[in-house]
Amino acid sequence: MPETPGLVYAVRDRSILLPHFKRFVVEPSLRLLPARLHPNVITHVGHLANLAGCLVVLLFAGRGAAPFVVAAALLNFYNWCDNADGGHARRTGQCSAGGELLDHGLDMLNTTYIALVSAIAVGASPEWTALVAISVPAACAVTYWEQAETGLFSLGLLTQIEAVALLTTILAVDAIFGVEIWTRLHVGPVTLRLAMTTFACATALIGMAGNVRRVWKKRGAVRWVYPLLAFDAAVIAAMFLGALGPLSAVIVGSAGNVFFGLRSLALRTMGRKPRPEAGLVVAAMMLIALSVVSIAGLAFGRTSDIVASAYAVLFFGAYAAINTRESTRAVARLDRRISSG
């Protein structure tokens, strides 16, 4: 979505592929859309397509080439929607603060789906899948935190469109050669699977370091991002210590990351600065306690997975819903002022 009056911020987008994708794919296709079509419909349809592609891979990967082909098609349709909604809004004069909030908010979920599919598509182990599925959305959440703290929305050379292009290639290779290809190709003990999952995690960590560095240089409150970093570290530690299974770690980590990203987005929408998130601190302490219990040999089996997953989804989901409601009201008031003035 385009920048909306009243939600002004600086954008630094260094994407390599995005300008060409918009010029040769998105812009020529916009004239085919009816003017009466609301941009938010495109945003919602794109999100559902991405979710559907993720579910196809989760449920049917390993059953031939078809799941990978279908997932790739849905992924690229989502990618088109994610870039077409803003262009259509500008072309038809339907730009709104609410549309921008919806687009950026769903991007937190879409990033989570893409990270999860990427790990599964190269046949990563459950632990590596969890690492990718936690670290990549965490980087997205920290980007939103930087935006709320400094007013800068900074995107690097490798953004979501590059991730989609790479994932499409991976899915095509899976469809032709099978997932095992990522293990058969190796240099010494380093398989291509290990190299790609390591690259994904390292890129996310480097991106987060860049976010923190820019906030620090602008004398922003860097300490307010520490609860998220501590939470994600506690989730990963709990997984490797056996207190949480990989699937539960993905659920718990995703819930916290999505919450923090949406919280940062909501605060920016309402014109407020980030602040300490007690919920993340409490969750990190509970995970540390769970890990200590596991180390002591008093683990509760998979019961801890169920309890931790349910707690994370319910707590962070409810908190995110409250923030979404507050920010939606804020942008509704802004949209009314824009339309009346």
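Colleague: Which helix holds Val313?
Modeller: This is a predicted model, where local features need pLDDT of at least 70, side-chain atom pairs count only at pLDDT 80 or more, and totals for chains, interfaces and linings use all residues. Numbering runs from 1 along each chain as its sequence is written, and side-chain values use heavy atoms, without hydrogens and water. Helices (H or I, at least four residues) and strands (E, at least two) are DSSP runs numbered from the N terminus. Val313 lies in the helix of residues 303-340, α12.

Colleague: Is Val313 buried, partly exposed or exposed?
Modeller: Buried means under 20% relative accessible area, exposed over 50%, and partly exposed in between (1.4 Å probe, protein chains only). Val313 has a relative accessible area of 45%. Because of that value, Val313 counts as partly exposed.

Colleague: With which residues is Val313 in contact, leaving aside neighbours within four places in sequence?
Modeller: Contact means heavy atoms within 4.5 Å. Ser254 is 59 residues from Val313 in sequence, with 8.9 Å between the C-alpha atoms. Apart from neighbours within four places, the contacts of Val313 are Ile251, Ala255 and Ala318.

Colleague: What span does helix α10 reach from its first C-alpha to its last?
Modeller: Helix α10 covers residues 246-269, 24 residues in total, and 21 of them are buried. The expected span is 1.5 Å times one less than the number of residues, and for α10 this gives 34 Å. The model is close to that, at 34 Å.

Colleague: Which helix gives the most residues to the largest nonpolar core?
Modeller: A nonpolar core is a set of buried Ala, Val, Leu, Ile, Met, Phe, Trp, Tyr and Cys residues joined through side-chain atoms within 4.5 Å. The largest has 70 residues, and those touching the most other members are Leu171, Trp182, Phe231, Phe260, Leu287 and Phe316. With 12 residues, the helix that gives the most is α5.

Colleague: Where is Thr143, and is Thr143 buried or exposed?
Modeller: Thr143 is in helix α5, and beyond four places in sequence it is in contact with Phe153, Ser154 and Asn211. Its relative accessible area is 12%. Thr143 in α5 is therefore buried.

Colleague: Which residue that is not a glycine has a positive phi of about 60 degrees?
Modeller: Most residues other than glycine have a negative phi. The residue in question is in the loop between α8 (192-217) and α9 (226-240). It is exposed, at 78% relative accessibility. The residue is Arg219.

Colleague: What is the radius of gyration of the protein chain?
Modeller: The radius is taken over C-alpha atoms, and the globule rule is 2.2 Å times the number of residues to the power 0.38. For 341 residues the rule gives 20 Å, and the chain is close to it, so the chain is as compact as a globular protein of that length. The computed radius is 20 Å.

Colleague: Over which residues does pLDDT stay under 50?
Modeller: pLDDT is the predictor's confidence in each residue, from 0 to 100. The chain mean is 89, and 93% of residues reach 70 or more. Where pLDDT is low, predicted coordinates should not be read in detail. The stretch under 50 is residues 1-6.
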